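Grab a pencil and have a go at these exercises. Each one comes with a worked solution, so try it yourself before reading on.

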Amino acid sequence: MPNETVAPWTVLRLLNWTKDYLAKANLDSPRLSAEMLLSHVLRCRRIELYARFNYEPSEAELSAYRELVKRAGVYEPVAYLVGTKEFYSLPFKVTADVLVPRSETEILVSEAVTALRKLGRPGRLWDVCTGSGCVAIAAAVQVADLQVLASDISAAAVEIARENAAANKVDSRVRCRVADLLSLPEDCRDLAPFDVITGNPPYVADNQMISETVKHEPSIAVHGGKDGLDFIRPFVRDAAAMLAPGGSLIMEFGFGQADDVRDLIVQGGLLAEPKILCDHQGIERATVAVRK
């Protein structure tokens, strides 16, 4: 964005210029990204920009905005730049310590909520590899009597999840703990067995190409070994023992992994034939398997 120009830099002109700039950089949702960055700088809601199209930001605001647009243009995730991301219509704090919540992961919440509401009693959910806590917290918001364990191997991620649970007013029902996959923390054994276990483990193969923005996200939460299944294998293997009879394993996986995931679930012998779910793009993205 040039520093000097004849025409004033109004909100509308800034949005239009930034949308084109980010589109040329092949960023997803360039208009949305422009609005998120500008509303962050102007300390207003995105929708309020539409009533302020003729507003001319101050030099300080323009300078701050230019810096954010520059960073977005070299693929730093917009969610990291503004510090928040919406997921399941809820706000979540995000930093470079956690994955950016994605819309396809909302499948896990929808399936978990459906299973939990059928119980007819207070349910128990364990969200593994919780990151920002988005799945665990969204489920707790949707199911009022739900008790939740949200765990991650990253202590920094667990602290972000704890903050998000408090911000969304479910911290009394969501325990955030450091744990390696399905290693159940001692002070959470009273929750077992679980009615639902959700998880979005690292599943990108080490040699698989990833987008420039994903390269900014924590590698420990992205890469899953040579075939992308290094964390999925033990997750599927150990999940059944932590589930109550009739309980559900609900897990996200990567492109082209559906057959391998199905085989792992069936071979274990304790889970029924899994259901494979597609995301909004029609890509096989998640599985639901019930404990026999």
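**Exercise 1.** How many bridges join strand 8 to strand 9, and do the two strands run parallel or antiparallel?

*Solution.* Keep in mind that this is a predicted model. Step one: count the bridges between strand 8 and strand 9, and you get four. Step two: check the directions, which turn out to be antiparallel. Step three: pick out one pair, such as Leu 277, whose bridge partner in strand 9 is Ala 286.

**Exercise 2.** Work out in which order the seven strands of the open sheet sit.

*Solution.* Step one: walk across the sheet and you read 5-4-3-6-7-9-8, with mixed pairing. Step two: look for strands that pair on one side only; these edge strands are strand 5 and strand 8 (275-278). Step three: follow the twist, which averages 15° from one strand to the next.

Now add helices. Helix 8 (residues 232-242) lies across strand 3, strand 6 and strand 7, and runs at about 160° to strand 7. Helix 9 (residues 258-268) packs on the sheet too, where it touches strand 7, strand 8 and strand 9. The direction of helix 9 makes about 10° with that of strand 9.

**Exercise 3.** Find the hairpin formed by strand 1 and strand 2, and say how many residues lie between them.

*Solution.* Step one: strand 1 (residues 84-87) and strand 2 (residues 90-93) run antiparallel and are joined by four bridges. Step two: match up a pair; Thr 84 has Lys 93 as its bridge partner in strand 2. Step three: go to the turn, where two residues separate the strands and Tyr 88 shows a positive phi of about 55°.

**Exercise 4.** Why is helix 6 said to be largely enclosed by the rest of the structure?

*Solution.* Step one: helix 6 covers residues 134-142, and seven of its nine residues are buried, so the rest of the structure largely encloses it. Step two: name some of those buried residues, including Cys 134, Val 135 and Ile 137. Step three: zoom in on Ile 137, which counts as buried because its relative accessibility is 1%, below the 20% cut-off.

What does Ile 137 touch beyond residues up to four places away in sequence? Phe 92, Ala 161, Asn 164 and Val 170 are among its contacts. Val 170 is 33 residues from Ile 137 in sequence, yet their C-alpha atoms are 7.0 Å apart.

**Exercise 5.** Which element gives the largest share of the largest nonpolar core?

*Solution.* Step one: a general idea helps here. In soluble globular proteins, nonpolar side chains tend to be buried together. Step two: this core has 32 residues, and those touching the most other members are Phe 87, Leu 116, Leu 125, Leu 146, Val 148 and Val 174. Step three: list elements that give two or more residues, among them strand 2, helix 5, helix 6 and strand 9. The largest share, seven residues, belongs to helix 6.

Leu 125 makes a nice case: its contacts outside its neighbours in sequence include Ala 112, Leu 116, Ala 139 and Phe 194.

**Exercise 6.** Which strand gives the most residues to the lining of the second largest pocket?

*Solution.* Step one: this pocket holds about 270 Å³ of space. Step two: 21 residues line it, and the closest to its centre are Ala 115, Lys 118, Gly 246, Ser 248 and Val 290. Step three: helix 5, strand 6, strand 7 and strand 9 each give two or more lining residues. Strand 7 gives the most, with six.

Technical notes. Residues numbered from 1 in each chain as written. Predicted model: local features only at pLDDT ≥ 70, side-chain atom pairs only at ≥ 80, totals over all residues. Heavy atoms only, no water. Buried < 20%, exposed > 50% of the residue type's maximum accessible area, 1.4 Å probe, protein only. Pairing = 2+ DSSP bridges. Core = buried A, V, L, I, M, F, W, Y, C linked by side-chain atoms within 4.5 Å. Contact = heavy atoms within 4.5 Å. Axes fitted to C-alpha atoms, helices over the stretch in contact; angles between N-to-C directions. 1 Å grid on protein atoms, 1.4 Å probe; cavity = no way out; pocket = protein on both sides within 12 Å on 5 of 7 lines; lining within 4 Å. Points joined across faces, edges and corners; volume = space filled by probe spheres on them.
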